[in-house]
Structures are given as structure tokens and as C-alpha cells.
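Trainee: Hello! I have a new model to look at, and I would like to learn how to read it feature by feature. Could you take me through it?

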2 protein chains.
Amino acid sequence: MTERTRTAPRQAEAERNDRALLEAARRALALDGAHASVAAIASRAGVGIGSLYRRYRTKEELFQRLCVLALDHWIDAAEQGLAHEDPWAGIVHHVSACVDFGPGTMAPIAGTIEVTEEMAARADRCDEVTRALVSRAHAAGVLRPDVTATDLYLLVEQLGRSPLPWQIADQGRDELLGAATEARARVVAIALEGLRAGTVTPLPGRPPDAGLLRDRWEPLPAAG
Amino acid sequence: MTERTRTAPRQAEAERNDRALLEAARRALALDGAHASVAAIASRAGVGIGSLYRRYRTKEELFQRLCVLALDHWIDAAEQGLAHEDPWAGIVHHVSACVDFGPGTMAPIAGTIEVTEEMAARADRCDEVTRALVSRAHAAGVLRPDVTATDLYLLVEQLGRSPLPWQIADQGRDELLGAATEARARVVAIALEGLRAGTVTPLPGRPPDAGLLRDRWEPLPAAG
DNA sequence: GAAAAACGGAGCGAAGCACTCCGTTTGGCA
DNA sequence: TGCCAAACGGAGTGCTTCGCTCCGTTTTTC
């Protein structure tokens with residue numbers, strides 16, 4: 001098959017624009033949460049509003065797509081972690097990769113958009129793969145035994161919500177961007193160290209229920 | 001002086017309202033960042049908009065007051081930490097107390113309000129007292145030596161930005177609120193464990209510059 | 001029962017929102 | 001070279017939400 005994968009230049013631009021849009025949406029969401037506006041996203045991506053709406057029929061559709069990508073990223077990071085021979089290195093890889101993408105960024109829009117089947121399926125797979133990562137590390141004795149997969153999720157969500165790098169980028173203080181990213185990496189390293197086995201102080205309270213993370217996404221039953 | 005501190009009932013209500021306003025503002029800021037609206041704050045506090053504006057001439061003034069309170073809280077927590085005999089317990093107390101109040105909540109409005117002298121003075125004192133807490137722990141050998149005061153600040157800011165409890169409260173899922181708070185405490189405990197001396201992996205990169213935290217608050221020099 | 005003080009919220013002009021519509025630009029092809 | 005389809009950017013639209021003012025009401029005091 002001598003299939004020519006020649007991409008038309010206009011089509012290539014469209015693809016670049018799509019990537020820029022999703023990246024911009026991710027940043028806007030990290031900075032402004034649920035109040036992120038389509039105008040801000042398009043402008044940040046260097047793309048006209050018209051082009052945004054040619055690709056996504058509504059703002060909600062764009063956000064849903066972004067959620068799918070974030071979940072995919074999470075799954076990939078976990079699978080790559082499982083591919084590591086060293087279970088501890090697997091955890092480290094997973095957490096670091098997730099924090100960089102920032103799945104916690106999606107949390108603020110929980111409950112404001114409809115959960116598609118695509119999203120739900122990805123979320124299930126997330127649970128699966130994360131639990132596998134955690135139990136392998138538990139079995140190897142490298143992860144503190146009282147940490148659950150839900151604990152890990154919350155930690156990653158928390159660490160990924162650092163607005164500092166994006167805030168600095170948004171303010172145009174580019175000379176500080178490297179320093180901000182480095183600083184965040186240090187915080188992640190500290191937290192990772194706290195996950196290691198061999199600690200003395202047990203975690204407080206009961207292990208968190210996984211439903212805690214899911215329920216946010218369901219529409220509210222009724223108003224009081 | 002037999003000064004009668006009898007408080008008029010109407011004056012007591014005013015005080016209660018003020019407290020409710022500040023608490024509501026804190027929550028609104030945690031949930032909506034810089035987009036938090038005065039209407040939402042007043043409504044959440046169960047107070048009329050008119051009453052809000054009788055106490056604070058502008059939204060900015062309210063936020064400035066809130067920043068002062070947050071900085072005071074930070075300072076108090078550090079001083080109480082220093083009062084502990086055990087340097088490690090001091091760190092733990094400081095971090096836990098700060099996360100509960102959530103000074104990281106103020107980060108999103110950095111650069112959108114003018115920094116008053118009151119705020120600047122408090123910020124200086126914060127630096128001072130935090131550095132004291134950290135160096136005492138370093139001297140005692142209980143805090144990992146490569147952690148700086150700025151690292152600690154970033155960690156606390158990060159941990160304090162957990163939106164989960166407030167998000168759940170906002171959605172009216174009160175039955176989950178306790179679980180959410182407990183879950184957050186576990187994450188904090190994990191991070192604290194990572195601060196302990198005796199860890200093997202050194203922190204990546206160079207120690208962060210303190211200016212990283214300050215520059216956000218200064219108005220931008222000019223638009224590109 | 002009148003003055004003072006604190007209250008809640010309707011209303012205002014301005015700003016911001018999601019989204020539509022359309023004139024322009026670009027590359028492929030006869 | 002001229003024409004068409006495709007992708008483009010952004011002004012315009014109706015509507016919501018914003019910060020804030022203004023005012024009628026309620027409560028306390030004397």
C-alpha cells in the first residue's frame with residue numbers, strides 16, 4: 001500500500017487549530033474554572049470564534065471532549081506506570097504525568113456539563129487501571145499500605161490544580177515560568193515522598209469512599 | 001473604669017453579619033476564584049447587598065480585608081506552631097491550621113486588587129515567622145533539609161485550594177461533607193509525611209525564589 | 001412617637017456571555 | 001487564470017450578569 005498521507009495545508013492548519021483550542025481550553029479552565037468563556041479560549045488559542053464553533057457545536061461539547069482527553073491522559077499515564085518494572089517508579093511516573101496535564105482542572109465543571117457515555121466508560125477504565133497500579137505497589141511493599149486509590153486520585157487532583165504556572169504565563173511574566181514549573185515539581189516530589197512505605201504516622205480517618213469523586217458529576221436531584 | 005460593654009442588639013447583628021460576609025466571601029472565592037460576585041457572597045451570607053455595601057465601600061475593599069484576615073491567620077498559625085516545644089509538631093500545626101482556612105484561596109485574585117500597606121506589612125511578617133518555623137525545624141533535624149520556606153508556602157497554598165469540600169457543600173450534598181473534609185485531611189497527612197527528614201530522593205531543581213509568590217500581586221507593567 | 005441606625009433588595013447602566021452570520025482568504029483544479 | 005469549496009476571523013445579537021446606588025421598611029432608643 002503506497003498510501004499517500006499527504007495532508008492538505010488547510011487541513012493541517014485545522015488540526016493545529018484544534019490542538020491549540022484544546023490546550024487553550026485547558027489553561028482557561030485551570031485559571032477561571034467554570035467561568036472560562038469561549039471568547040477567552042478562542043483568543044488564547046489565536047483562533048477565531050467562528051473556527052471554534054465549526055469544530056464544536058457548543059461550549060459543552062468542547063468541554064466534554066476535553067474531559068475525554070484528560071481521562072485518556074490519566075489512563076495512558078497509569079498504563080505506562082504499570083509498564084515500568086519497578087512498581088514505585090510506576091507510581092512516580094503516573095503522578096508526575098498527570099500533574100503536568102492537570103486532570104484536577106476538570107473538577108470545577110463537574111455537575112455543569114452532561115456526562116457522556118464516552119466519559120463514563122473512560123472513568124470506569126480509570127478506576128480499574130489506577131487500582132491495579134496501587135495494588136501492585138502495595139504488593140511490592142513500596143507504597144504505604146493505608147493509601148487507597150481514591151487517596152491517590154485526590155492527591156493528583158490537588159497537585160494538578162496549581163494555578164501558579166498558568167497564572168504567571170497569563171500575566172505574561174514568561175521569565176518566571178520556568179521557575180514556577182520547577183517549584184511545582186518540588187511540591188510534587190515532596191508529596192510523592194509522603195506516599196512511600198515505612199512511614200510512622202497512620203493516615204487519619206477512614207479511607208475515602210470512591211463515590212466522593214463521582215457524585216459531583218451527577219446533576220443535582222432538586223433545589224431546596 | 002466601670003465601662004459598660006453592653007452591646008446593642010442591632011450592633012450585635014451587624015457584627016454577626018460581618019463575620020458571615022467574610023466567611024461567605026472566603027467560600028465564594030474558593031469556588032469561583034476571581035469571578036466571585038458580590039451578589040453571590042451576600043446571598044450566601046444571608047445578608048442584603050445593601051448591608052454589604054454599608055460595611056465595605058467596594059468589592060475590592062472586601063477582598064482586601066479578607067486578605068488581611070488570611071495573612072493574620074497564617075501568622076497566628078505559625079506563631080502557635082513556634083509555641084510548640086516539638087519543632088515537628090509546630091510544622092504540623094501550622095500546615096493543618098492554614099489548610100483549613102485556605103490562604104491559597106486568595107491566590108486567584110492576585111493582581112486584580114491593589115495591595116494595601118496593611119497587606120504588605122502582614123506579608124513581611126509572614127515571611128519572617130515562616131522562616132523561623134522552618135529554620136527551627138531544620139536545626140532540630142526533623143524537617144528535610146532541602147525544603148525551603150517558599151516550598152512550604154507553595155505546598156500549603158496548594159493543599160488549601162482543595163475545592164472538594166466547598167463544592168460539595170455548594171451542591172447541597174451535606175451528607176458527604178464530612179467525608180470530603182476527612183479525605184482532605186488524609187491528603188494533608190500524606191504531604192506532611194513527605195516533609196520529614198530522612199528521605200532519600202533529593203528535591204528536583206533549584207530552591208524556588210521567594211519573588212515567585214510576590215510578583216503575582218503587583219499590577220502588570222504594561223500590555224504587550 | 002419621632003429620630004437614628006441598621007436592614008433587604010429592586011433597579012440602573014455597563015459589561016460580558018454564548019452563539020450566529022457573513023465577508024474574506026486560501027489552496028486545488030480545469 | 002479563473003472558479004469553487006473549504007476553512008478562516010470576528011462584528012453583531014439578544015440576553016444575562018455584573019458592581020453599585022437608592023430607597024422604603026424594620027428595629028432600637030429616648
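Mentor: Gladly, and we start with a term: buried means under 20% relative accessible area, exposed means over 50%, and partly exposed lies in between (1.4 Å probe, protein chains only). Please keep in mind that this is a predicted model, where local features need pLDDT of at least 70, side-chain atom pairs count only at pLDDT 80 or more, and totals for chains, interfaces and linings use all residues. Residues are numbered from 1 along each chain as its sequence is written, chains are lettered from A and ligands numbered from 1 in the order in which they are written, and side-chain values use heavy atoms, with hydrogens and water left out.

Trainee: Is Cys67(A) buried or exposed?

Mentor: Cys67(A) counts as buried, because its relative accessibility is 3%. Cys126(A) is buried too, with a relative accessible area of 6%. Over the whole of chain A, 47% of the 224 residues count as buried.

Trainee: How many disulfides does the structure hold?

Mentor: The general idea is that a disulfide is a covalent bond between the sulfur atoms of two cysteines. Here the term stands for a pair of cysteine sulfur atoms within 2.5 Å. Over all chains, the structure holds zero disulfides. Cys67(A) is in none, and its nearest cysteine sulfur, that of Cys126(A), is 11 Å away.

Trainee: Why is Cys126(A) without a bond to Cys98(A)?

Mentor: The closest cysteine sulfur to that of Cys126(A) is in Cys98(A), and at 7.9 Å it is too far for a bond.

Trainee: Let us turn to the fold. Which helices and strands does chain A have?

Mentor: Helices (H or I, at least four residues) and strands (E, at least two) are DSSP runs, numbered from the N terminus. By that rule chain A has ten helices and zero strands. Its C-alpha atoms fill a box of roughly 60 × 55 × 45 Å, taken along the principal axes.

Trainee: Where can I find some sample residues on these elements?

Mentor: Try Asp124(A), which is found in helix α6 (residues 117-140) of chain A. Asp124(A) is partly exposed, with a relative accessible area of 42%. For a loop, look at Pro202(A), between α9 (177-193) and α10 (211-214) of chain A. Pro202(A) counts as exposed, because its relative accessibility is 59%. From Pro202(A) to Leu52(A) is 150 residues in sequence and 49 Å in space, C-alpha to C-alpha.

Trainee: What does the UniProt record say about chain A?

Mentor: UniProt positions are given in the numbering used here, feature names are shortened, and annotations may be inferred rather than shown by experiment. The unreviewed UniProt entry annotates residues 15-74 of chain A as "domain: HTH tetR-type". In the model, that span is 82% helix and 0% strand, and its end C-alpha atoms are 23 Å apart. The unreviewed entry also gives a "DNA-binding region" for residues 37-56 of chain A. Residues 37-56 are 75% helix and 0% strand, with end C-alpha atoms 14 Å apart.

Trainee: Which residues come nearest to DNA strand D?

Mentor: A residue is near a molecule or strand if one of its heavy atoms lies within 4 Å of it. Of the 21 residues around DNA strand D, Asn17(A), Ser51(A), Arg54(A), Arg55(A) and Lys59(B) come nearest. Helix α3(A) gives the most to this surface, with five residues. Of the strand's atoms within 4 Å of the protein, 67% belong to sugar or phosphate and the rest to bases.

Trainee: What lies beside the phosphate oxygens of DNA strand D?

Mentor: A polar side-chain atom of Ser51(A) lies 2.5 Å from one phosphate oxygen. An N or O atom in the side chain of Arg54(A) is 2.7 Å from a phosphate oxygen. Chain B takes part through Val38(B), with a backbone N or O atom 3.0 Å from a phosphate oxygen.

Trainee: Finally, how are chain A and chain B related?

Mentor: Two copies of a chain are related by a rotation about an axis and a shift along it. Copies are superposed by least squares on the C-alpha atoms of residues with pLDDT of at least 70 in both. Here, a rotation of 180° with 0.0 Å of shift along its axis superposes chain A on chain B (RMSD 0.1 Å). The two copies are therefore related as by a two-fold rotation axis. In chain A, the C-alpha nearest the axis is that of Gly194(A), 1.8 Å from it.

Definitions and conventions
Polar contact = N/O pair within 3.5 Å; in protein donor to acceptor, adjacent residues only side chain to side chain.
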